[in-house]
Each structure stands twice: as structure tokens, then as C-alpha cells.
Amino acid sequence: KSIKVFSKDKKEPLGDLYGLFFEDLNHAADGGLYAELVQNRSFEFDPIDRSDYHALTAWEKVERGEAEVTISVEDSFPLHENNPNYLTLKTKKVGDGAGILNTGFNSGIPLKKDEFYHFSFFARVDQAEKKTLTISLESKEGVLHASEELSLHSSEWKKYSLTLQCKSDDQSARLILTTNQTGTIYMDMVSLFPAKTFMDRENGLRSDIAQILADLKPKFMRFPGGCLVHDGSLDERARDSMYRWKNTIGDTEKRPSRRNNWKYNQTLGLGYYEYFLFCEDIGAKPIPVLPAGYDPHHHRIVPLENLQPWIDDALDLIEFANGNVSTTWGKIRSELGHPEPFGLEYLGIGNEEVGEPFFERYEYFHRAIKEKHPDIKLINSSGPFAAGGEYDRGWDSAKKNQSDLVDEHYYQSPEWFLAHYHRYDDFKRDEPKVFLGEYASWGNTYYNAIAEAAFMTGLEKNAHAVGLACYAPMLCNVDYINWEPNLIYFNNHQVFGTANYYVQKLFMHHQGDYTLKTESTGLSASEPPSIPTIGGQIKLIGEQSKAEYYKITLTNLETGEVKECPNALVENGIELLLGELHSKHYRLSFKARKLEGTRGFKVMFGEKDNQKLFWEIGGWQNQDSVISSM
Ligand code: AHR
């Protein structure tokens, strides 16, 4: 009802406080920021990536009129060992057009009138044969937008390319390759890029998505992900290998595509070199995150005696980013087209890998990196927010090793954000700083955005302790959702920012000079008027699911009373009633585990018939999760 300002403090400089977090989930890269328009361009999709995938996903035969073709995927004479599959097109009858087509992402390939598109592919034909191939862009209904011919003559793999100009707008076109000769054509890496990419980069990024990110003016970008970084096998040559940065640079046809833990195929066409370039293009400091040789989801651990190659990956990455051209990795960067260093300042080791194997390995990374590169700011990991336990171990490890920053993550209700405005008030200036590497309230409403904004004023107020912060996740293709909410949504031709996006933008663009100390009556930061009164019961509800909860504690924050609830198995809508709630402020903390083969579950919090979604774990999460709330 009234707010009184009674003092103002000069604000601590915010440094690099606000930035971005990029993870390839929700098709953020392939079918998203990465401008490639062909889906499954190298015929590497595999049921290992996703059960309904196969090597011909997004490809169809074209048999017009009397045409007759067979298409198969073979691997006996590959373009590169990292890219084993290729397509064999055998034409028996040419009819009115024999070949293949690609359906792109979303509803199809988006095309704009008068714009240019670069087509390229690798092909070979049987010895002494010559073949003509027509490359066309057509609507779903067969209306021709553009067409050019290529003459194929090499019996060795050879790259061919041409440019097509499109006659009309179409958001769901097809790329079609047809021949009017019988015989066999082998092909791989069939690619189509818009000629206009962000900053006109080759193998570049989709302009509209890159631009909406650049418009934020972020100070940094954390990449290539969260769980994506540590999920996978320890064998770097395996299909389901952990994310290893060296697999992601150089010629795209030599990059092995991989099973992304978000259950799709990741081409790695958008790799470390492209991430560094993008950061440079938008004026953001790069913050790569490397795995520490420990996959907490599947409990795969690199034995300590084999850890050196993983540490070398970190040292080589620093050299790749910062070394001059006389160094091994600086030279590689230069050959890729960037002789100047990228100026790496920060490096993250691990993402949410709380657990002893991680902290044990972190020390080896820390020592080796600081010895060679004392100026690199190292980021330790404290995992998802919880009342204590593993979370504190992240901080203990950071303090012991003198990490520069600690990566904290939390996804919580808007009320939680409002109530935790003071979270960093007591954090000390001379201890590791906070890198709030992932945070979001559960939703994209104005209320969510405003709760986040209120919380962010708490980050700014404590800039002595909070070094970096980025909302998560950032990008989501509306037809391939793994996780919600997100900052920015897009389809194959449109992109828009959420209310939360505009809050981030506001804070990134405008940073005040003073913090005003205020007193208010009628409302306070932790008691917004729109929060429904908490009363009645608190429930954990399994929704078509089976989930296990344990270590459930409910703390009444007004009286300090702690209630320990029985461990429980929740199945198919059965409610677990934790008891009557009479105060306004509680902290609920527990661990939950979604059991095999189930879709997800929700936790409801509130009045019996007026329940409020408090936390939701969707089908994506099959590991332990720790949450808490007031
Ligand atoms: O942002 C989505 C996921 O949330 C990240 O991959 C992970 O770090 C966290 O659990």
C-alpha cells in the first residue's frame, strides 16, 4: 500500500552478471538455432537416439508416374569413419521423376520468396557412369519453387554444391532429388542452408533466433548444456558417448553425430567452434562446461588412473580458445578460420554431478588447470537446489579448492523466488562467487516473470557474491518439447520471447547505480497479494505414474516445527497426504525418483479442491531430483 525509501547504497558493479544458457534440448540446435534445413542429413538417425528413429527418418522415396526406385542405407564404403551411413538410390524405371525427398523439421522446409538457398551433398556413382540429378524445392502438393541440375561423375566421394533461388513463400516445402536415368547413386551429407545466416557465417545460425538472443545483449553464454554434458558413455567413439568437445569441430562430415540424452539425434553441426564464434558475434563471453568423467545418471565413472585424457581435454580447450597460432590447438583454431584467440575467461567443470566421484575428480581438474592457467576462472558444481546434503558438498568442495565460482541451479514456484529474495544477503565477498547457471520459476505468465524480476533485484543487490546468472532453458521448438517453461519459443519460421524473456532483456539492458532500501506496508516481497492462502493439505500426486519419495520433511518456518513424513510409493493418481497445514510458510524437501516406464508426476500443494501446481517432473527425468520450497 505504501513504500518508503529510506536510504540508498551505491551499487556494486555488476560485472558479467547476466547471460545466456544454451543447451540442445527441445531441438534448440538441430531444427533450431543451427540453420541446417535438412533433417537427418547424414542418414545417421538410429533407434539408440530415439526408439522410433531409423536411418531414413525424414526421408521418403519419390516415384512419379511409372518410376520405380529402391532406397537403402549402407555402410560398406563410408564418406568418413565417423559418418558410417550413406544412402544408395537405385533407379529401375525413371517414370516422371525418381528419387528421394526430405521433409525437414516441423511442418517442412521454410522458404522465402526471392531468397537464395545453398544446397550441397557428397555423392559418388559407379565407375564410368555419369548421372544427372535435379535438385528441387517443392511445396507439399508438388508446386515447384526452385530447381537446378547437377552432373555427377566421380566414383570417389565428392562434394557438389549449388544455389537455388526460391520463387514463392512456403513454410512446409520439401527438398527433392530426382534423376531421369536408371542406375545407382550413392549420397551422404545432403544439406540445405539459407544463404542468409546470422552474420553470414558458413555452417551458420538461423538469423531470427540468433538475433532475438543478440537483442538481449548478454554478457556471457554457458554451453553446450546441463545434463547433456555429463550423460553418456565414457567411450568417446561410442554412439552414446558423453559430449566431448573435440568431436564437434572441423569438417561437419567428419563429426560423429550422437545420441542426445534428450532423446533425439544431435548432429554436432553446431559445435564448439560455432559456439565460440556466436559468442564473439553477440559480444558474450564464452563459458564452456566440460564433463568430469562421471555420469551420475548411469553411475559411469572414469577410474582416476584414466582421468588424464579428460583433464587434457580441458587444457587443450583453453589452448584452442586462447593459444596463439604456434600452439597445437591455437593452430587448429586458426586453420578453422580464426587466428585471433577467443579470449576464454571462464570454464565450468561438471553440471549437477553432486556425489563423491565428482568432487574427487574435480580436484584433479582444478589443480592441473590452475597450475597451467591460473587466470582461468573455474566453476565448481553444487547441483540442483535442496535444503542441504549434496548441495552443501558442492560449496564445501568449492571452498576447499578455492574454485572461483559455484554453479547453483533451481527450478521453483514463483512464490519460492519471492520468498528467496534474501538468499544471498549473507554470502561473503571473499568466498567463491555464485554462478546461478540455471534458474526459472515454473511458468511463462506475467506473474512468473515478475517473481523472477523481483528475485533478480536480490541478485543485483548482492553482486559482491553473485557473479553470473542465466535463465534456463533458453530455446524450445514448439513441436519438439522436452522441458517447459522456456525463455524463447519458435517453430520453423517464427520465434518469440516470453514474458520472462522481456524481464531478462530489461535487466540486461538497464542496470541501476543505486540500491534503494525500502520499507513497505500492505505487501512485502515474500507475500505477494496473489498467492492463494496455503492451508488444508499438501499432497504428492502420481499422475499416470509410479514414483518413489523419500526423506520427506516438512518444516513450518513460522514455528520451526519439523515433521518427517513416511517414505512413499505413489502410483497412478494415489495421493500421499502429508498432513494438515496451518501456517503460511513451510519448507518441503524430499527426494523423488520416477520409476522405470512411467511418464512423470506432479506435486500439488494447497487447498484440497484448489490445488496448485508446485513442481512437476516430466517424462524427461529419470534420475533423482531434489526440490524444496517454503
Ligand atoms: O535445463 C534443463 C536441465 O535442468 C539441465 O539439463 C540440467 O542441468 C537441469 O537438471
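User: In what order do the five strands of the open antiparallel sheet stand?
Analyst: This is a predicted model: local features need pLDDT (the predictor's confidence in each residue, from 0 to 100) of at least 70, side-chain atom pairs count only at pLDDT 80 or more, and totals for chains, interfaces and linings use all residues. Residues are numbered from 1 along each chain as its sequence is written. Strands (E, at least two residues) and helices (H or I, at least four) are DSSP runs numbered from the N terminus, and two strands pair if DSSP finds at least two bridges between them. The order is β4-β5-β13-β8-β11.

User: Which are the edge strands there?
Analyst: An edge strand pairs on one side only. Two strands fit, spanning 68–74 and 158–165. They are β4 and β11.

User: Which residue in β5 is the bridge partner of Ser-72?
Analyst: β4 and β5 (residues 86–93) run antiparallel, joined by seven bridges. Within β5, Ser-72 has as its bridge partner Thr-88.

User: What is the order of the open sheet of eight strands?
Analyst: The pairing here is parallel. At the edges lie β2 (20–21) and β24, each pairing on one side only. The full order is β2-β14-β17-β20-β21-β22-β23-β24.

User: Is the β-α-β unit of β23, helix α9 and β24 right-handed or left-handed?
Analyst: β23 (residues 433–441) and β24 (residues 466–469) run parallel, joined by three bridges. Helix α9 (residues 446–461) belongs to the unit with them. A crossover is right-handed if, with the strands pointing away from the viewer, the path from the first strand over the helix to the second runs clockwise. This unit is right-handed.

User: How many residues of the shell around the ligand are charged?
Analyst: The residues around the ligand, each with its C-beta atom, placed from the backbone, within 6 Å, include Glu-23, His-409, Glu-438 and Trp-483. Asp, Glu, Lys and Arg count as charged; Ala, Val, Leu, Ile, Met, Phe, Trp, Tyr, Cys and Pro as nonpolar; the others, Gly among them, as polar. The shell has five nonpolar and four polar residues, and the number of charged ones is three.

User: Over which residues is the pLDDT below 50, with 63 contacts in the model beyond near neighbours in sequence?
Analyst: The protein chain has a mean pLDDT of 86, and 80% of its residues reach 70 or more. Contacts mean C-beta atoms, placed from the backbone, within 7 Å. Where pLDDT is low, the predicted coordinates should not be read in detail. The stretch asked for is residues 523–545.

Key. Two residues are in contact if their C-beta atoms, placed from the backbone, lie within 7 Å.
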